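Visitor: I would like to go through this structure step by step. Please show it to me first, and then I will ask my questions.

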Amino acid sequence: MTAPAEPSAVSADTAPAPKRRDYAQFVVCAVMAAVGVFLVVDALSLTGGFAKVDPVGPRLFPLVIGGGLLVLSVVFAVAILRGSTGEADSGEDVDPNSPGDWKTVGLLVGLFVVTIAFVDVLGWAIIGTVLFAGAATILGSRHWVRNVAIGAVLGFGSFYAFYVGLGIPLPAGILDGIL
Amino acid sequence: MDNLNWLLQGFEQAATPMNLLYACIGVLLGTAVGVLPGIGPAMTVALLLPVTYNVSPSAAFIMFAGIYYGGMYGGSTTSILLNTPGESSSVITAIEGNKMARAGRAAQALATAAIGSFVAGSIGTMLLVLFAPAVSSFAVTLGAPSYLAIMLLALVAVTAVLGTSKLRGCISLLLGLAIGLVGIDFLTGQPRATFGIPQLSDGIDIVVVAVAVFALGEALWVAAHLRRKPAEVIPVGRPWMGKSDWKRSWKPWLRGTAYGFPFGALPAGGAELPTFLSYITEKKLSKHKDEFGKGAIEGVAGPEAANNASAAGTLVPMLSLGLPTNATAAVMLTAFVSYGIQPGPTLFEKEPLLIWTLIASLFIGNFLLLVLNLPLAPLWAKLLRTPRPYLYAGILFFAALGAFAVNLQWLDLALLLTFGLLGLMMRRFGLPVLPLIIGVILGPRIERQLRQSLQLGGGDWGSLFTEPVAIIVYIVIAMLLVAPLVAKVVRAHYPVAAPDFPDGPAGGDATDTREKAHA
């Protein structure tokens, strides 16, 4: 039915690699259960609508969606135990056979948290520079000067482009009055 | 011919020098971003949304038309020169196109893709002119119950029919619906699922969700698995075709268009199936069967046309019903909403000039694409060599910029990171992204439609089944849900041999397995 997915399924059949059960998938169950519980608890704190004209009320959708997530998290957990594995996304720059470089991902997420924390204080131009230069460095570009230079062009360029071209004042932060 | 009049007015509006400039910018930006590896059309549109914030709606839509077709075209260039399709609908193009390129016929592969896209895009847009207003004028006669049923159909179709695993599709859909719940309940005014954060009472900006899931999630996922050696790019000159190439291409273009448009226009269509059907058809009809799997031009011309015609077809439900059926349309629909335009069946009545300008721009954008991109192909090929650290650092930068520029609050960046991690998780565990996005968009609208129609019906659930169209749609939904079960039973009784079809490309090692499969 879904054509392009078929070939991989076929190839998996023709070359049966001993697939280990992917227990990391329980992360998905945990996320679903957490969201489900939150939705149900939150929904129960609401007061219902006027049953006459609004028989659905504000509670039904969160209850159904939250309940659905809880049910599916159990179904999914069972499916995982029975050996269900998802096919990880492939892509042009993705090496599906690499074990997964989670340190790089962690560093990028950390960099993003720093960006969030300092965007108002330092202003977009500076934090944008830091974001690009930092990300390029983490991803393996060793040309420090070039990383910072491109970052600065992007950061300061986008600041002025948005300010002058689109009329959107990105925060200037500590450079307020200078830019 | 009232519509023709409107279309002419649309052209008048779109053809001013300033707007033509916007169209050019749209086409160039769309192609440039679409060519970049790792960026599919949906992500292209999501990343370029902020560019359109402060221009007028008509100028923005003119740019969008260019970005839409440009992003599509850019993706096929990547498939042919890198053997790495940005999305599932260009998988088939990559199969034959990359083989052609390896055999030294990259110029012809690019040319047949570009001209085929132009042909299919033009015919598809023409069909859009014919069908969308008709569907829309039919749709406005429908009441809330029918419209509710149609939206439910779209949800079921995207979740259960497309995609490999229904369980994973449902998970993704429910997560999307959960995101859509956040905000003030529209009837009782109570905040729902907002964590008590006042900025969340307007709901989570869908642009932030789209950019997070498509751009940030992808960048983080690639970061975890970055190829140490980027795939090799095949050098190319200016695309051109010889006489025999033309002869072998024009029929596949037309047949591909015929496959692509109806599938795109159906709520459960998508572009994968028509490209696949087109490939099989061309293989069957070709006089050069031996070339298939080694780089047959028909295998590029047909699927590429099907892909583009399907893209045009997608605009039928989007413009006439307000229903997004693929990720790119979903992101474009968010742009409508951010301009205060309510998508739905009344769009053609309420905003005729805007919509017809958009349609006229599709013709113009399609033409510009052909004129600009044939000579620019060598430049696009150079873009494929962008060092990967800079490419993905750039995606992170522009994703942050795009999410931040919506409301200028750090909270949006935090949401971007949260949903980016969600996108990473979905890619890691093979959860499809499309049901999530459709859920975010349609969930709130379904709830609103349901409760409003019940209000109008005096709270009587039976009032939902008063319209014939609604009942028919519910029957279709039931059939969609039951059909796979029936198919399973049938298949268990009559086992069929697997179709002879080359393996999906996913980089260098996939080529090896494919050759093994053919050996």
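Visitor: How many salt bridges does a search of the whole structure find over all chains?
Guide: Keep in mind that this is a predicted model. Side chains of opposite charge can pair when their charged atoms come close. Here a pair counts if a side-chain nitrogen of Lys or Arg is within 4 Å of a carboxyl oxygen of Asp or Glu. Over all chains, the number of salt bridges found is 9.

Visitor: How many residues apart are B:Glu447 and B:Arg192?
Guide: The side chains of B:Glu447 and B:Arg192 meet in a salt bridge, at 2.7 Å from N to O. B:Glu447 lies in helix α17 (residues 434–456) of chain B, and B:Arg192 lies in strand β2 of chain B. The pair links distant parts of the chain, and its separation in residues is 255.

Visitor: Why does B:Arg192 count as buried?
Guide: A residue is called buried if its relative accessible area is under 20%. B:Glu447 meets that condition, with a value of 5%. B:Arg192 counts as buried because its relative accessibility is 5%.

Visitor: Which residue meets B:Glu447 in a salt bridge of 2.9 Å?
Guide: The partner lies with B:Glu447 in helix α17 of chain B, 4 residues apart, which is about one turn of the helix. An α-helix has 3.6 residues a turn, so residues three or four places apart point the same way. The residue that meets B:Glu447 at 2.9 Å, N to O, is B:Arg451.

Visitor: Which residues are linked with B:Asp185 in a network of salt bridges?
Guide: B:Glu447 pairs with B:Arg192, and B:Glu447 also pairs with B:Arg451. The network that includes B:Asp185 is completed by B:Arg192, B:Glu447 and B:Arg451.

Visitor: Are B:Glu218 and B:Arg427 buried or exposed?
Guide: The side chains of B:Glu218 and B:Arg427 form a salt bridge, at 2.7 Å from N to O. B:Glu218 is in helix α8 and B:Arg427 in helix α16 (residues 410–428) of chain B, so the pair ties together parts 209 residues apart in sequence. Both B:Glu218 and B:Arg427 are buried.

Visitor: Where does α5(B) bend by about 135°?
Guide: Helix α5 (residues 91–139) of chain B has 49 residues, and a straight helix would reach 72 Å at 1.5 Å a residue. Its end C-alpha atoms are only 34 Å apart. The bend of about 135° in α5(B) is at B:Gly104.

Visitor: Is B:Phe195 buried or exposed?
Guide: B:Phe195 is in the loop between β2 and α8 of chain B, and its phi is near 60°, a positive value in a residue other than glycine. In that loop there is also B:Ala193, with a phi near 50°; B:Ala193 counts as buried at 3% relative accessibility. The limit for exposed is over 50%. At 60% relative accessibility, B:Phe195 counts as exposed.

Visitor: How many disulfides are there over all chains?
Guide: A disulfide is a covalent bond between the sulfur atoms of two cysteines. The rule used here asks for two cysteine sulfur atoms within 2.5 Å. For A:Cys29 the nearest cysteine sulfur, that of B:Cys170, is 14 Å away, and A:Cys29 is in no disulfide. Over all chains the count is 0.

Terms used
Residues numbered from 1 in each chain as written. Chains lettered and ligands numbered in written order. Predicted model: local features only at pLDDT ≥ 70, side-chain atom pairs only at ≥ 80, totals over all residues. Heavy atoms only, no water. Helix = DSSP H or I, 4+ residues; strand = E, 2+ residues; numbered from the N terminus. Expected span 1.5 Å × (residues − 1). Bend = angle between axes of the 7 residues up to and from the residue. Buried < 20%, exposed > 50% of the residue type's maximum accessible area, 1.4 Å probe, protein only.
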